[in-house]
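Q: Could you take a close look at one part of this model for me? I'd like to hear how the strands are put together there and what sits around them.

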Amino acid sequence: MAMIQKSKRLEIKASRTDWHENQKGKQGIIFCALCNAVYYKKSWHHNLRYYKNLHEDLKVSFATCPACTAIKNNEFEGRLIISNVPKNITEHLENLVHAFTHRAYQKDPMDRLIAMKKTNGTMEITTTENQLAVKLAKKIGEVFKKATIKISYSHSKKDKAVDIRMEFLA
Ligand SMILES: [Zn+2]
């Protein structure tokens, strides 16, 4: 196992691109102090399983990963608002959202559901990654084939953020 050297907490920005820029040319690995995700080889992983060069003097530092930072600050990169959700499918839809985002998280620790809010037949789902929201919208469209679903995308002013509206048409 690598010897863990404590080093000062890094100041980081939420976006992954910034992460890659900050880490260019640096040695060692970074652990997220909140979720235990590990950063090496230019991306975040759930563990060290694929890290090939573990050695004694490996430099280890701690930080808050972009996904945990986004969740803490409630800064979503993807938002999906579904309106006119029929009552009889609400539970099915919720389960689908949880299962889909959980599978995405298992594949990539930075892909996460931030929140799911329900109000009067409307569901608002926010995610840490824009593509996760896009894929989730497509999946919902596939699963609820009988429903007529209207999808519209709009990129908000925040760079990279995507806003998707879906509506169940009666
Ligand atoms: Zn984290």
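A: Let's start with β5 and β7: strand β5 (residues 78-83) runs antiparallel to strand β7 (residues 122-127), and 5 bridges link the pair. For a spot to click on, take isoleucine 81, whose bridge partner in β7 is glutamate 124. Keep in mind that this is a predicted model.

As a bit of background, strands of a sheet pair through backbone hydrogen bonds, and they can do that in a parallel or an antiparallel way.

Now zoom out a little. β5 and β7 belong to an open sheet of 5 strands, ordered β6-β7-β5-β9-β8, with mixed pairing. The edges are taken by β6 (113-119) and β8 (148-155); each has a single partner strand, so one side of each has no neighbour in the sheet. Going from one strand to the next, the twist averages 15°.

There's a helix to look at here too. Helix α3 (residues 90-107) packs on this sheet and touches β5, β6, β7 and β9 (162-169). Its direction makes about 170° with that of β6.

For context, there is also an open sheet of 4 strands, in the order β3-β2-β1-β4, and its pairing is mixed as well. Its edge strands, β3 (43-45) and β4 (60-63), each pair on one side only, and the twist there averages 30° from one strand to the next. Within that sheet, strand β1 (residues 29-32) and strand β2 (residues 38-40) run antiparallel, joined by 2 bridges. Phenylalanine 31 has valine 38 as its bridge partner in β2.

Technical notes. Residues are numbered from 1 along each chain as its sequence is written. This is a predicted model: local features need pLDDT of at least 70, side-chain atom pairs count only at pLDDT 80 or more; totals for chains, interfaces and linings use all residues. Side-chain values use heavy atoms; hydrogens and water are left out. Two strands pair if DSSP finds at least two bridges between them. Axes are lines fitted to C-alpha atoms, for helices over the stretch in contact, and angles run from 0 to 180 degrees between N-to-C directions. Contact means heavy atoms within 4.5 Å.
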